[in-house]
Amino acid sequence: METLFISREAQLRQHENTLQIKVGDQVRSLPIEKLSHVVLLAESRLNSRLLGLCGKHGVRLSVFDYYGYFKGAFEPYDHNPAGKVKLKQAELLLNTERRMSVAREVVRGAAHNMLANLRYHQYRGNEAVKQPIADMQKLVTTLPKALDTNTLMGIEGQLHQYYYAAWPAIHAELDFGKRVRRPPNNPINCLLSFLNQLVYTVVRHEISKTHLEETFSVLHSPGYGRASLSLDLAEPFKPVLTDMLIFRMVQRRMLDDSWFEQHDAVCLLTETGRRNVAEQFSLRLEEQYQGRSFRQWIYREALGLEREVLGVGEYEAFKRRV
């Protein structure tokens, strides 16, 4: 088990050389060697002894708040320091031509996978998505003309507008109106925000297995105290992990009113909702695609960027087939 999602109020402690989890009257122990990432999606109690065990075995703990947003992490001691990679990464950021080449590829990968989601339905006779696909394709041709990251971010934002406008043609329940993030105002916006946060968290964890500096991003502006590189590398995977999972849950009528708490134009996941969505996400993450799980594809993406940074390979964003 690579990542453990804990979506209920729990007490975590070290028991011999295992992670012991107590939820209500139920107690479960897991060998610490089997884990590398624990995601706390609900209020949990733990102590420094457990943190010491996690640090010793390189286990990351990611913490989410009540609203479903990532708030911080316990970071194990860096077992993979590499000053040379960080210097090379800084050189890439300071080289506008190289940085823009990588940033364009990130957006190109995200656009490709959004288009693949729509084409899947077009090829099955849904002609209503034809125009949004054409609009997005036309916009993708402008990527080479983008000379700065602000222009690229603008193109990406417009791509998402066309993309989300096509969702109601896939299923009536996907008509969520305007994208509203903080806080989300309806179930679909709520799922988008929560699942995207899970994608960012997993991407950040996979980046930590490389020598890349997580604050040095190419598309999103590097800032203070945020792992902005995970925002970059998550872009090609959000259509595959977040969006396709939402389509699946809606089309299979898996969503239930008990998953959501709605009041005053604010929609949040309940504990039941977080548990069910996290379970579906963890299953999706381990699904096989062309011989690898999606988690392994994320790690491969990070390695591809590291090779680009070192000048021994060319970064190519993950692009799925329809």
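Guide: A pocket, as the word is used here, is an open set of grid points with protein on both sides within 12 Å along at least five of seven lines. The model is predicted.

Visitor: What volume of space lies in the second largest pocket?
Guide: The residues closest to the centre of this pocket are L4, F5, I6, S7 and R28, out of 19 that line it. For the space in the second largest pocket, the figure is about 490 Å³.

Visitor: Which element supplies the largest share of the lining of the second largest pocket?
Guide: Four elements give at least two residues each: β1 (3-6), β3 (18-23), β4 (26-31) and α10 (271-285). The lining as a whole divides into 8 nonpolar, 4 polar and 7 charged residues. The largest share is 5 residues, and the element they come from is α10.

Visitor: What is the volume of the largest pocket?
Guide: The lining of this pocket has 28 residues, with R181, Q197, Y200, L231 and K238 nearest the centre. Elements that give two or more residues to it are β8 (70-74), α5 (149-165), α7, α8 (228-234) and α9 (238-251). By class, the lining holds 8 nonpolar, 10 polar and 10 charged residues. The volume of the largest pocket is about 920 Å³.

Visitor: Which helix gives the most residues to the largest nonpolar core?
Guide: That core has 78 residues, and W167, I188, I246 and F281 have the most contacts inside it. The greatest contribution is 12 residues, and it comes from the helix spanning residues 187-207, α7.

Visitor: Which residues does I246 contact, leaving aside neighbours within four places in sequence?
Guide: I246 is among the residues with the most contacts inside the largest nonpolar core. With sequence neighbours within four places set aside, the partners of I246 are W167, L174, I188, L191, L192 and L195.

Visitor: How many residues are in the other core, which lies apart from the largest one?
Guide: L19, I21, L30 and L40 are among the members of this other core. The count for that core is 17 residues.

Visitor: Which strands stand at the edges of the open sheet of 4 strands?
Guide: The strand order is β4-β3-β2-β6, with mixed pairing. An edge strand has a single partner, so one side of it is left without a neighbour in the sheet. The strands in that position are β4 and β6 (44-45).

Visitor: Which residue in β3 is the bridge partner of Q14?
Guide: Strand β2, residues 10-15, pairs with β3 in the antiparallel sense over 5 bridges. In β3, the bridge partner of Q14 is L19.

Definitions and conventions
Residues are numbered from 1 along each chain as its sequence is written. This is a predicted model: local features need pLDDT of at least 70, side-chain atom pairs count only at pLDDT 80 or more; totals for chains, interfaces and linings use all residues. Side-chain values use heavy atoms; hydrogens and water are left out. A nonpolar core is a set of buried Ala, Val, Leu, Ile, Met, Phe, Trp, Tyr and Cys residues joined through side-chain atoms within 4.5 Å. Buried means under 20% relative accessible area, exposed over 50%, partly exposed in between (1.4 Å probe, protein chains only). Contact means heavy atoms within 4.5 Å. On a 1 Å grid over the protein atoms alone, a cavity is a set of points where a 1.4 Å probe fits but cannot get out, and a pocket is an open set with protein on both sides within 12 Å along at least five of seven lines; lining residues have an atom within 4 Å of a point. Grid points are joined across faces, edges and corners, and a volume is the space filled by probe spheres set on the points. Ala, Val, Leu, Ile, Met, Phe, Trp, Tyr, Cys and Pro count as nonpolar, Asp, Glu, Lys and Arg as charged, and the others, Gly among them, as polar. Two strands pair if DSSP finds at least two bridges between them.
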